[in-house]
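Let's take a walk through a protein chain together, starting with the whole and then zooming in on a few spots. Keep the structure open beside you and follow along.

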Amino acid sequence: MPATPRTLTLPAPAKLNRMLHIVGRRQDGYHELQTLFQIIDLCDSLSFTLRQDGVIQLTTPMDGVAHDDNLMVRAAKLLQQHSGTPLGASITIDKHLPMGGGLGGGSSNAATVLVGLNQLWQLGYSPTTLAALGLTLGADVPVFVRGHSAWAEGVGEQLTQATLDTPWFVVIHPGVSVSTPAIFQDPELTRDSLPITMARALQGGVVEWRNDCEAIVRKRYPPIAEALDWLAQYAPSRLTGTGACLFAAFDSQKSAQIVAERANQRWQAWVARGLNTSPLQDALGC
Ligand SMILES: C[C@](O)(CO)[C@H](O)COP(=O)(O)OP(=O)(O)OC[C@H]1O[C@@H](n2ccc(N)nc2=O)[C@H](O)[C@@H]1O
Ligand SMILES: Nc1ncnc2c1ncn2[C@@H]1O[C@H](COP(=O)(O)OP(=O)(O)OP(=O)(O)O)[C@@H](O)[C@H]1O
């Protein structure tokens, strides 16, 4: 039997919501969404070292997030408690994804912890079990555990694998921070989009796709409206999640790079490739 690896380094990619409709509101205040998730090749990198003493330790603190509140620590403890394993882990992160930017960084970090520690601790949990555990941490965790572009319904947990085009994206963070709960609580938010089928959504394509959060985010955050309008000169621009990040699709890396280089110096701009399979699954050889 091969020796158990004692360390493991895995990526935690970002996602874009290529379109996002809000079709209702549940009793508990959460919103029913319909969205197309696409994973992109912009990633954080996580390393895990096996510990025999059962301790979960994040060795790279993150500004503004207490150790025990960090979604990585919460994910590790959840898996530890659920499995009853006596093992622990030291976790380090090389963070590139902006926090609270609508790119799902925290959820992706949690998913990579669940998938990585499942391997390191040799638990043998199925993706279905890991996705169900992940959902208790955040609505976007399951899609990162599954690691494929997907059509999502419910609060984002009812996933159907989808195959999307894989353009090059310019992704912009306009330097303001958006509160997801505040957007979802906003009285002016549109919550009555008519449900559509996945086939209908896929037919829509770049020009038709919209994000129902965009109107209210534009109104409450003028710098985001400015960045959306600037990017729309080159290609249809959209918000991801509740922002603050926004994006547009391009046919080639070069054309995306030319646009990214013209972006306002006050913004952060990235060029990223749209994927159908997550780099996390690629790294694990799934
Ligand atoms: C909008 C998306 O970005 C789409 O991918 C995500 O669903 C948001 O996921 P997230 O940032 O992980 O958000 P969560 O931590 O699950 O929820 C933050 C808050 O947003 C509101 N919220 C979130 C998701 C949802 N479907 N309905 C909601 O009303 C709730 O007030 C919740 O307390
Ligand atoms: N490992 C983590 N990485 C990022 N944020 C974390 C982490 N752990 C906890 N958080 C908290 O979660 C909040 C949301 O972070 P995240 O980066 O997932 O937001 P997001 O990109 O807007 O996600 P979404 O697209 O799901 O709305 C942060 O503001 C931070 O307080």
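Of the 286 residues in this chain, 42% count as buried. Keep in mind that you're looking at a predicted model. The chain holds 10 helices and 10 strands. How compact is the chain? Its radius of gyration is 19 Å, close to the 19 Å that the globule rule gives for 286 residues, so the chain is as compact as a globular protein of that length. If you lay the C-alpha trace along its principal axes, it spans about 55 × 45 × 35 Å.

Now think about who touches whom. Take the contacts between residues at least 6 apart in sequence: 73% of them join residues at least 24 apart.

Let's zoom in on two helices. Helix H1 covers residues 71-83, and helix H2 covers residues 105-120. Two packed helices are described by the angle between their axes and the distance between those axes. Here the axes of H1 and H2 come within 8 Å and cross at roughly 35°, and the crossing is right-handed. Which residues do the meeting? From H1 you get Leu71, Met72, Ala75, Ala76 and Leu79. On the H2 side they meet Gly106, Asn109, Ala110, Val113, Leu114, Leu117 and Asn118. Sort the residues of this contact by character and you find 9 nonpolar, 3 polar and no charged.

Just before H2, have a look at leucine 97, which sits in the loop between strand S4 (88-94) and H2. Is leucine 97 buried or exposed? A residue counts as buried if 20 or more other C-beta atoms lie within 10 Å of its own. Leucine 97 has 22 of them within 10 Å, so it is buried. Leaving aside residues up to four places away in sequence, leucine 97 touches Ala14, Leu42, Asp44, Leu103 and Gly105. For a sense of scale, try asparagine 276: it is 179 residues from leucine 97 in sequence, and their C-alpha atoms are 19 Å apart in space.

Last stop: a hairpin. Strand S5 (residues 150-153) and strand S6 (residues 158-161) run antiparallel, joined by 4 bridges. Find tryptophan 151 and look across to S6, where threonine 160 stands opposite. Between the two strands of this hairpin there are 4 residues. Glycine 154 in the hairpin takes a positive phi near 70°.

How values were computed:
Residues numbered from 1 in each chain as written. Chains lettered and ligands numbered in written order. Predicted model: local features only at pLDDT ≥ 70, side-chain atom pairs only at ≥ 80, totals over all residues. Rg over C-alpha atoms; globule rule 2.2 N^0.38 Å. Buried ≥ 20, exposed ≤ 12 C-beta atoms within 10 Å, placed from the backbone. Contact = placed C-beta atoms within 7 Å. Pairing = 2+ DSSP bridges. Axes fitted to C-alpha atoms, helices over the stretch in contact; angles between N-to-C directions. Left-handed = near helix turned anticlockwise from the far one by under 90°. Nonpolar A, V, L, I, M, F, W, Y, C, P; charged D, E, K, R; others polar.
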